[in-house]
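Take a look at the structure below. Keep the sequence at hand as you read.

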Amino acid sequence: MNSILTYVFLGVSMAATIGPVKTVLLNTGLKNGFFHAWFFSLGAIVTDIIYMFVVYFGIGQFIESELLKTILWSFGCFVLLYTGIENLLSLHKIEMDSNTKKRTRLRQSIMSGFFMSLLNPLTILFWLGIYGSILAKNAGSTTIYQIIILSIAILVGIILVDFLMSFFSSVARKLLSTRLLKIVSFVSAILMIGFGLYFGKMAFQMLF
């Protein structure tokens, strides 16, 4: 049980890091409410599970190729820059009217979370580093059943943090005035653009 709790806390620490995906999650909660943020996080979690399988079955070496890394950095750059700029251009549309969250379908939110996380090189490198080291550490000393339990424990920690972020961002949406909501959305959009530029820089360095 202590071992399982340790991996739950590992998942919590992994998910609590504010990166591009979490920035978009919080911004989604602020703009569209809890369910949109929660469905966005579910899409990201599907990606996490995919990468866990990728690392477990040893396909991670393929992901480490320079060509694929360059493609991923480039796609990540494009997605984040597009999302950040789009949010900046739509700041004037943000209102406190609860009906605004109906404009976006939940299906769009979950697909957005899936592709945002899937094309995020930091997610891939994160799972290669953290999950890969966990598998290496437990190689030969744990059964497949135990690996599955520990993997689920990590996912539980991630889901817990994502749920709390979705909840608090939706609560903040109701507490903030329209002006403050626009300011927070502006800051998150700038962060997305910043991450996008960083990804672009990494892609450029991979090419040259």
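This report goes from the overall fold to helix pairs, a surface patch, a charged pair and some distant contacts.

**The fold**

This is a predicted model. The protein chain has nine helices and zero strands. Reading from the N terminus, every element is an α: the run is α-α-α-α-α-α-α-α-α. The chain has 208 residues, and 44% of them count as buried.

**Two helix pairs**

Two packed helices are described by the angle between their axes and the distance between the axes. The table gives both values for two pairs.

| Helix pair | Axes come within | Crossing angle | Handedness |
|---|---|---|---|
| α5 and α9 | 7 Å | roughly 155° | left-handed |
| α3 and α8 | 9 Å | roughly 155° | right-handed |

Begin with α5, residues 66–89, and α9, residues 178–207. Their axes cross at roughly 155°. An angle over 145 degrees counts as roughly antiparallel, so α5 is roughly antiparallel to α9. Now take α3 and α8, with axes that also cross at roughly 155°. That makes α3 roughly antiparallel to α8. The handedness is worth a second look: α5 passes α9 in a left-handed crossing, while the crossing of α3 and α8 is right-handed.

**A nonpolar patch on the surface**

Which helices each supply at least two residues of the nonpolar patch? They are α3, residues 34–56, and α8, residues 144–175. The patch lies on the surface and is formed by Ile49, Phe53, Tyr56, Phe57, Ile144, Ile148, Ile152 and Val156. Together these residues have about 760 Å² of accessible area. Helix α8 gives the most, with four residues.

Val156 is one of the patch members, and it lies in helix α8. Is Val156 buried, partly exposed or exposed? Its relative accessibility is 41%. Partly exposed covers the range between 20% and 50%, so Val156 counts as partly exposed.

**One salt bridge**

Side chains of opposite charge can pair when their charged atoms come close. How many salt bridges does a search of the whole structure find? It finds one. The partners are Asp162 and Lys22, and their closest N and O atoms are 3.3 Å apart. Asp162 lies in helix α8 and Lys22 in helix α2, residues 20–32, so the pair ties together parts that are 140 residues apart in sequence. Both Asp162 and Lys22 are buried.

**Far in sequence, brought together in space**

Helix α8 also holds Ile149. Ile149 has 28% relative accessibility, so it counts as partly exposed. Where does its distant partner sit? Ile149 and Ile4 are 145 residues apart in sequence, yet their C-alpha atoms are 7.6 Å apart in space.

Gly19 gives another example. It lies in the loop between α1, residues 2–16, and α2. Is Gly19 buried or exposed? Its relative accessible area is 15%. Buried means under 20%, so Gly19 is buried. Along the chain, Gly19 and Leu122 are 103 residues apart. Their C-alpha atoms are separated by 8.4 Å.

**Pulling it together**

Follow α8 through the model once more. This helix lies roughly antiparallel to α3. It gives the most residues to the nonpolar patch. It also carries Asp162, the partner of Lys22 in α2.

Key
Residues are numbered from 1 along each chain as its sequence is written. This is a predicted model: local features need pLDDT of at least 70, side-chain atom pairs count only at pLDDT 80 or more; totals for chains, interfaces and linings use all residues. Side-chain values use heavy atoms; hydrogens and water are left out. Patches are made of residues with over 30% relative accessible area and no salt bridge: like charges are joined within 9 Å, nonpolar side chains (Val, Leu, Ile, Met, Phe, Trp, Tyr) within 5 Å. Accessible areas come from the Shrake-Rupley method with a 1.4 Å probe; for residues, only the protein chains shown count as cover. A salt bridge is a side-chain nitrogen of Lys or Arg within 4 Å of a carboxyl oxygen of Asp or Glu. Buried means under 20% relative accessible area, exposed over 50%, partly exposed in between (1.4 Å probe, protein chains only). Axes are lines fitted to C-alpha atoms, for helices over the stretch in contact, and angles run from 0 to 180 degrees between N-to-C directions. Angles under 35 degrees count as roughly parallel, over 145 as roughly antiparallel, 65 to 115 as roughly perpendicular and the rest as oblique. A crossing is left-handed if the near helix is turned anticlockwise from the far one by less than a right angle, and right-handed if clockwise.
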